[in-house]
Amino acid sequence: MVLDKVALTGASGMLGRHVLAALAQAGINVAGASRTRPDILGADDQWASWDLREWKTPDELDALFGEAQAVIHLGAVVPAPGEAASRRDTFDANVRACLALGEWATARNLPLVFISSATVYAAPEAAGILENAPQTRHGFGGFYGFSKVLAENVFENLRGEGLAAAILRPSSTYGAGLPSKKMLSGFLATAEQDQTIELVPPINDRVDMLHAADLAQAILATLRKQAWGTFNISSGHPASIEEIARTCIDVVGKGAVAVAPGANTERPAITRFDLNPQAARDQLAFAASIDLRRGIEMTWKNDLLV
């Protein structure tokens with residue numbers, strides 16, 4: 001698929017900034033929408049304010065996105081660590097907005113790529129999770145995870161009406177612009193202050209960390225391949241909490257890591273978001289290229305592209 005312009009929601013978020021950079025590198029212009037203006041818009045890009053909790057009619061979406069040839073839907077209400085967004089706000093932004101965009105894209109015959117989440121899985125700590133694994137109604141992702149399940153169902157339904165839609169389920173995504181309350185951001189901030197990252201159990205638990213620049217490339221691969229399916233997107237290399245902390249110290253070049261006594265508990269270590277990425281390899285020719293150290297370095301230096 002040859003693209004000149006795409007519609008992009010969530011343009012000012014962490015992932016949105018990486019997708020904007022990847023699109024610019026590929027020579028693709030953007031009609032972006034988000035609550036705040038992105039700081040890296042190109043000269044030929046356009047932007048409009050849209051709070052996803054506000055319903056948009058097809059005519060309003062025409063005005064927002066103009067002559068876009070495809071839609072990349074990143075925008076969502078995501079609860080901050082330790083906080084909970086209201087269910088109404090989450091539903092309106094994460095489900096109703098999908099219906100508005102999906103119906104518009106179907107009527108305009110535009111392909112759509114939707115960024116879902118690994119929190120849709122009922123057992124996020126299972127090994128080698130495949131795309132057909134059971135989905136959650138309540139669990140690790142809370143109502144946010146369930147809202148992503150509902151959003152996926154909206155697009156699945158519209159596929160039956162002719163919508164060319166791809167659903168990407170990334171593992172734990174990080175990159176430049178990562179919110180300050182995230183664990184990795186806290187580790188980097190502690191290292192920058194030449195202080196000690198104090199680890200408490202469980203330090204051997206592992207999580208699949210996927211850099212946002214890799215996810216941006218997966219989105220482009222989906223559009224180029226016209227692969228209208230559902231795909232796990234992961235690094236394929238889960239890292240332990242201790243490994244992440246020590247890598248932050250190595251990247252920054254100062255600080256230290258201290259492991260609390262008894263940190264190696266008797267509970268077996270778990271791995272979260274161990275997604276099987278084989279379908280993305282086979283159908284998108286995609287594999288993550290940014291390893292943990294390079295990804296953390298890019299996050300620390302605020303780099304958007306490799």
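## A colleague's note on a predicted model

1. Let's begin with a serine. S171 touches A118, D208, L210, I233, S234, S235, F273 and L275, leaving out residues up to four places away in sequence. Keep in mind as you read that this is a predicted model. You will find S171 in the loop between strand 6 (165-170) and strand 7 (172-174). Its relative accessibility is 5%, so S171 counts as buried, the cut-off being under 20%. Look also at its side chain, which makes a polar contact with the side chain of D208 at 3.0 Å.

2. One partner of S171 deserves a visit of its own: F273. This residue sits in the loop between strand 14 (271-272) and helix 8. F273 is buried as well, with a relative accessible area of 8%. Now check its backbone: phi is positive, about 65°, although F273 is not a glycine. Here is some background for that remark: most residues other than glycine have a negative phi.

3. Next, try T119, which also touches F273. Where is T119 placed? It belongs to the loop between strand 5 (112-115) and helix 4 (142-159). T119 is buried, with a relative accessible area of 11%. Setting aside residues up to four places away in sequence, T119 touches T136, F140, G141, Y144, G145 and F273. The C-alpha atoms of T119 and G141 are separated by 5.0 Å, although the two residues are 22 residues apart along the chain. The side chain of T119 also makes a polar contact with the side chain of S117, at 2.7 Å.

4. Now for a pocket. The second largest pocket has a volume of about 250 Å³, and 21 residues line it. Lying nearest its centre are S234, S235, G236, H237 and A288. Strand 11 (230-233) and helix 8 (278-284) are the elements that give two or more residues to this lining. By type, the lining residues divide into twelve nonpolar, six polar and three charged. You have met two of these names before: S234 and S235 are among the residues that S171 touches.

5. Turn to helix 2, residues 58-65. Which of its residues are buried? They are L61, L64 and F65. These residues lie on the same side of helix 2, because they cover an arc of only 75° around the axis. The face turned away from that buried side carries the exposed residues D59 and A63. As for what the buried residues pack against, the partners are strand 1 (5-9), strand 2 (29-34), strand 3 (46-49) and helix 3 (87-107). Following helix 2 comes G66, whose phi is positive, near 55°.

6. Strand 2, one of those packing partners, has two residues to compare. S34 lies in this strand and is buried, with a relative accessible area of 4%. N29 is in strand 2 too, but N29 is partly exposed, with a relative accessible area of 30%.

7. The surroundings of these two residues can be listed in turn. Leaving aside neighbours within four places in sequence, S34 is in contact with G10, A11, S12, W47, A48, S49 and W50. With S12 there is also a polar contact between the side chains, at 3.5 Å. N29, not counting residues up to four places away in sequence, touches D4, K5, V6, D44 and D45. The C-alpha atoms of N29 and D4 are separated by 6.0 Å, and these residues are 25 residues apart along the chain.

8. Helix 5, residues 183-192, is another one to look at. Its buried residues are L184, S185, F187, L188, T190 and A191. They pack against strand 7, strand 8 (196-199), strand 10 (209-211), helix 7 (241-252) and helix 9. Just after helix 5, D194 takes a positive phi of about 55°.

9. Finally, look past helix 9 (292-301), where N302 lies in the segment that follows. Is N302 buried or partly exposed? N302 is partly exposed, with a relative accessible area of 42%. Its phi is positive, about 65°, although N302 is not a glycine. You may like to set N302 beside F273 on screen: F273 has a positive phi of about 65° but is buried, whereas N302 is partly exposed.

Definitions and conventions. Residues numbered from 1 in each chain as written. Predicted model: local features only at pLDDT ≥ 70, side-chain atom pairs only at ≥ 80, totals over all residues. Heavy atoms only, no water. Buried < 20%, exposed > 50% of the residue type's maximum accessible area, 1.4 Å probe, protein only. Helix = DSSP H or I, 4+ residues; strand = E, 2+ residues; numbered from the N terminus. Arc of directions from axis to C-beta. Contact = heavy atoms within 4.5 Å. Polar contact = N/O pair within 3.5 Å; in protein donor to acceptor, adjacent residues only side chain to side chain. 1 Å grid on protein atoms, 1.4 Å probe; cavity = no way out; pocket = protein on both sides within 12 Å on 5 of 7 lines; lining within 4 Å. Points joined across faces, edges and corners; volume = space filled by probe spheres on them. Nonpolar A, V, L, I, M, F, W, Y, C, P; charged D, E, K, R; others polar.
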